[in-house]
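Trainee: I am new to this structure and would be grateful for a close look at one helix. Could you please explain how its two sides differ and what surrounds it?

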Amino acid sequence: MPPIFIITIIFLALILFASFFMVKQQTAAIIERFGRFNAIRQSGLRLKIPFIDRVAGRLSLKIQQLDVIIETKTLDDVFVKLKVSVQYKVISDKVYDAFYKLDYPHEQITSYVFDVVRAEVPKMKLDDVFVKKDDIAIAVKSELNDAMLDYGFDIIRTLVTDIDPDPQVKIAMNRINAADREKTAAQYEGDAQRILIVEKAKAEAESKRLQGQGIADQRREIARGLEESVEVLNKVGINSQEASALIVVTQHYDTLQSIGQETNSNLILLPNSPQAGSQMLNDMVASFTASNQIGEAMKNAKKEKED
């Protein structure tokens with residue numbers, strides 16, 4: 001085979017190879033002819049004039065994300081770092097603007113994010129930055145949409161994904177939170193103790209009420225027993241005064257007997273002499289007689305005064 005024929009075949013193969021190119025899915029290729037914009041090719045197998053047309057560049061039509069970290073100061077003079085994530089994409093109808101109007105779109109978007117964040121955050125206190133981070137994201141998105149739409153970029157969403165104050169400020173915030181929780185715990189403990197004291201007082205009051213009721217019932221039964229004892233003694237010719245004195249003396253000796261049955265008792269009953277019983281009986285009879293005489297005298301005096 002002549003050499004010229006081989007060279008011709010190789011040349012035609014190179015021309016054929018240079019005439020076709022492929023564009024991936026969700027990608028746009030920009031074709032220039034002699035350095036001037038010629039056409040935009042979408043995904044698939046595409047044809048161009050070799051050595052005249054060239055692929056100047058390719059733009060992804062997928063949603064992309066740019067993370068921007070900004071350090072700024074809040075209204076209460078606290079330095080804080082914010083991480084703002086910007087999700088954007090190239091508008092398919094404005095691929096020309098996106099490719100030719102901006103050399104470095106990432107830097108352009110970053111500049112707008114810095115400008116908006118440093119204008120919004122200094123108006124807020126640190127606590128408000130955490131609470132109103134969505135407001136910051138909305139402000140960034142609004143500003144970016146207005147600015148980047150002319151360049152062929154659509155801002156899908158902006159997110160404030162991280163807020164990082166100065167380490168000393170975070171330590172102080174944690175201490176404040178811990179102190180507040182300790183205060184709440186102390187209040188709950190105080191309420192619990194108060195409830196226990198109140199319930200204990202109620203239980204003691206109820207116990208004393210029942211105890212008093214028991215003592216009253218006991219005394220009522222003792223009085224009933226004494227009444228029956230006096231009636232029995234009256235039937236055998238002993239008057240009420242002597243019967244009462246006799247019952248008291250009997251209880252005195254019963255008490256002495258009970259004390260004597262206890263081996264380790266330190267109780268001393270006064271008076272406790274052998275003559276105490278008879279002396280007590282005589283004294284009680286005399287006191288009952290004197291009280292009856294005084295009572296009769298007062299009744300007679302009152303009756304004479306009324307007459």
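**Helix H5 and its surroundings**

Mentor: Let us begin with the outward side of helix H5, where Ile138 and Asp146 are exposed, opposite the buried residues. Please keep in mind throughout that this is a predicted model. Helix H5 runs over residues 133-148. Its 16 residues span 22 Å from the first C-alpha to the last, close to the 22 Å expected at 1.5 Å a residue. The residues of H5 that are buried are Ile136, Ala137, Val140, Leu144, Asn145, Ala147 and Met148. Viewed down the axis of H5, these buried residues occupy an arc of 165 degrees, so they line one face of the helix. The general background is that an α-helix has 3.6 residues a turn, so residues three or four places apart point the same way.

What lies over this buried face? Strand S7, helix H3, helix H4 and strand S8 are among the elements that cover the buried residues of H5. Ile136 offers a detailed example. Setting aside neighbours within four places in sequence, Ile136 is in contact with Leu82, Val117, Val121, Met124, Val129 and Val160. Of these partners, Leu82 belongs to S7 (79-90), Val117 to H3 (105-120), Val129 to H4 (126-131) and Val160 to S8 (153-165).

These contacts lead to the wider interior. In soluble globular proteins, nonpolar side chains tend to be buried together. Here the largest nonpolar core has 34 residues, and those that touch the most other members are Leu82, Val86, Ile109, Val113, Val117, Ile136 and Leu144. Two or more core residues come from each of strand S2 (27-33), strand S6 (64-73), S7, helix H2 (95-100), H3, H4, H5 and S8. Strand S7 supplies the largest share of this core, namely six residues. Helix H5 is represented among the residues with the most core neighbours by Ile136 and Leu144, both of which are buried in that helix.

Helix H3, one of the elements covering H5, deserves a description of its own. It has 16 residues and reaches 23 Å between its first and last C-alpha atoms, close to the expected 22 Å. Pro105, Ile109, Val113, Val116 and Val117 are the buried residues of H3. Seen along the axis of H3, they fall within an arc of 95 degrees, so they line one face of that helix. The packing partners of these residues are S6, S7, H5 and S8. Thus H3 and H5 can be read from either direction: H5 is a partner of the buried residues of H3, and H3 helps to cover those of H5.

Finally, two other elements that contribute to the core also hold charged pairs. Strand S2 contains Glu32, which meets Arg54 of strand S5 (residues 53-60), 22 residues apart, linking distant parts of the chain. Their side chains form a salt bridge with an N to O distance of 3.0 Å. Glu32 counts as buried because its relative accessibility is 8%, whereas Arg54 is partly exposed at 46%. In H2, Asp97 pairs with Lys101 in a salt bridge of 3.7 Å, N to O. Asp97 is buried, with a relative accessible area of 17%, while Lys101 counts as partly exposed at 47%. These are among the seven salt bridges that the structure holds.

Definitions and conventions. Residues are numbered from 1 along each chain as its sequence is written. This is a predicted model: local features need pLDDT of at least 70, side-chain atom pairs count only at pLDDT 80 or more; totals for chains, interfaces and linings use all residues. Side-chain values use heavy atoms; hydrogens and water are left out. A nonpolar core is a set of buried Ala, Val, Leu, Ile, Met, Phe, Trp, Tyr and Cys residues joined through side-chain atoms within 4.5 Å. Buried means under 20% relative accessible area, exposed over 50%, partly exposed in between (1.4 Å probe, protein chains only). Helices (H or I, at least four residues) and strands (E, at least two) are DSSP runs, numbered from the N terminus. Contact means heavy atoms within 4.5 Å. The expected span of a helix is 1.5 Å times one less than its number of residues. The arc is that of the directions from the helix axis to the C-beta atoms. A salt bridge is a side-chain nitrogen of Lys or Arg within 4 Å of a carboxyl oxygen of Asp or Glu.
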